[in-house]
There are 2 protein chains.
Amino acid sequence: MSETRQYQTAEQRRDRAVAAVVELSATENPAGLTTARIARRMRLSEGALFRHFPNKDALWEAVAGWVAGQLSQRVAAVADEAPDPLAGLEAMFLAHIDFIARHPGVPRLMLGELQKPAGSRARRLIERAMGEYRERVQRLLRAGMEQGRVRADLDPAAAAVLYLGAVQGLVVQSLVAGDMQAAARAAPGVFRVFRNGIVERAA
Amino acid sequence: MSETRQYQTAEQRRDRAVAAVVELSATENPAGLTTARIARRMRLSEGALFRHFPNKDALWEAVAGWVAGQLSQRVAAVADEAPDPLAGLEAMFLAHIDFIARHPGVPRLMLGELQKPAGSRARRLIERAMGEYRERVQRLLRAGMEQGRVRADLDPAAAAVLYLGAVQGLVVQSLVAGDMQAAARAAPGVFRVFRNGIVERAA
DNA sequence: AATGGAAGTGAGTATTTACTTTCATTCGGG
DNA sequence: CCCGAATGAAAGTAAATACTCACTTCCATT
């Protein structure tokens with residue numbers, strides 16, 4: 001009879017819990033988030049939260065999975081439709097920064113995960129996502145070299161580290177400034193300097 | 001009579017406490033360090049630790065001060081004796097990575113501080129150190145532009161972000177790999193790509 | 001040798017926090 | 001419409017942790 005259910009399904013609740021964590025992380029230290037705080041944000045009791053996640057680690061794992069999934073999905077989408085490797089790198093870069101600017105809690109969450117002991121499932125998800133990301137950057141760099149648009153003497157591994165560093169540099173600087181929008185504004189300029197470091201100088 | 005005192009002075013204890021935190025942070029999440037754990041590492045009772053620091057925050061402040069001091073000191077030393085701006089940038093870069101490779105807990109501590117609320121004294125120390133660091137990089141970049149060795153169309157602010165990002169990229173990649181020595185090995189190659197992005201191409 | 005202050009100990013304590021338990025309410029299929 | 005399962009609230013628990021306190025040990029100075 002009722003148009004809208006009063007109870008939400010378990011999956012909806014899990015999604016909302018992840019969203020709550022991401023939102024709270026925008027203004028608070030994720031490491032300090034308590035289950036009570038997260039539940040309150042969802043307008044749910046603490047006990048009900050534990051009905052949808054067996055324990056707190058499982059919640060963190062869900063959060064890490066969401067972050068990793070969103071990032072690779074968005075990044076893959078723009079990279080695939082770019083006309084050439086350099087344009088692909090730039091599109092990925094801007095998409096990444098745009099995603100973070102929209103969800104300022106994400107970098108804090110990722111940096112927080114990397115502090116945890118190496119074996120944790122949440123951490124492994126983040127590690128894998130970063131690895132795939134770096135692979136993708138290196139593939140584009142090599143493709144650019146084959147097309148003669150990227151310097152032939154480039155070390156793709158080193159350049160990929162610098163590329164990820166460009167993202168992280170923007171993020172950390174904005175974290176310090178407390179303004180993630182600043183990252184989005186500064187991103188094109190930073191990418192331009194990076195690009196200068198890898199392009200084949202016009203003959 | 002006694003060659004060595006049995007009790008240490010307050011200052012010695014404070015220094016050793018900071019060292020203990022830095023050492024422990026190399027293998028454990030700094031956010032999870034307890035006062036009991038830190039005291040045990042120093043072979044001291046928890047009560048005695050609190051005789052030298054009024055509270056835990058004061059200990060973190062001392063740690064942040066040590067990190068900030070070490071970094072600016074080492075970096076300033078090598079930058080000042082470099083023959084030209086580009087050499088100075090490279091020397092700073094390598095000195096920074098070398099310091100971190102020697103104290104693998106340092107990046108975790110710094111990233112952890114940046115998660116804390118904006119007002120904390122420890123965090124302000126880190127913020128100031130990073131600000132001075134970026135200023136120094138920008139000064140060198142501008143000096144290089146005046147000498148014609150750095151591209152005239154460079155945006156020094158964007159390049160400084162990329163420079164810091166290069167450091168952070170190396171650090172985060174090594175944090176993921178769990179091997180800070182890797183950062184030291186990869187550093188020269190990464191700096192080379194950065195350098196390509198800023199040098200004036202030979203006429 | 002006596003003394004007083006600095007350094008140290010070890011056993012608390014109040015609070016926080018992840019997780020549990022108990023019971024009430026709501027949902028959907030037969 | 002009824003019953004079992006799913007969802008929820010509220011109160012509780014055991015463990016962890018920052019910090020305190022009463023008391024002891026060391027040692028430089030007089």
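**Close-up 1. The protein surface near DNA strand C, sorted by residue class.** Seven nonpolar, 10 polar and six charged residues make up the surface near DNA strand C in this predicted model. Nonpolar here covers Ala, Val, Leu, Ile, Met, Phe, Trp, Tyr, Cys and Pro, charged covers Asp, Glu, Lys and Arg, and the others, Gly among them, are polar. A residue is near the strand if one of its heavy atoms lies within 4 Å of it. Of the 23 residues around the strand, A:Lys56, B:Arg13, B:Ser45, B:Arg51 and B:His52 come nearest. On the DNA side, 64% of the strand C atoms within 4 Å of the protein belong to sugar or phosphate, and the rest to bases.

**Close-up 2. Polar contacts to DNA strand C.** Look here for pairs of N or O atoms within 3.5 Å. B:Arg13 places a side-chain N or O atom 2.7 Å from a phosphate oxygen. Bases are met too: a polar side-chain atom of B:Arg51 sits 2.6 Å from a base oxygen, and A:Glu46 has a side-chain N or O atom 3.1 Å from a base nitrogen.

**Close-up 3. Helix H8 of chain B.** Spanning residues 156-177, this 22-residue helix reaches 31 Å from its first C-alpha to its last, close to the 32 Å expected at 1.5 Å a residue (1.5 Å times one less than the number of residues). Helices are DSSP runs of H or I with at least four residues, numbered from the N terminus. In H8(B), 19 of the 22 residues are buried (under 20% relative accessible area, 1.4 Å probe, protein chains only). B:Asp155 caps the N-terminal end, with a side-chain oxygen 3.0 Å from the backbone nitrogen of B:Ala157. After the helix comes B:Gly178, with a positive phi near 75°.

**Notes.** Residues are numbered from 1 along each chain as its sequence is written, and chains are lettered from A and ligands numbered from 1 in the order in which they are written. Local features need pLDDT of at least 70 and side-chain atom pairs count only at pLDDT 80 or more, while totals for chains, interfaces and linings use all residues; side-chain values use heavy atoms, leaving out hydrogens and water.

Terms used
Helix = DSSP H or I, 4+ residues; strand = E, 2+ residues; numbered from the N terminus. Buried < 20%, exposed > 50% of the residue type's maximum accessible area, 1.4 Å probe, protein only. Polar contact = N/O pair within 3.5 Å; in protein donor to acceptor, adjacent residues only side chain to side chain.
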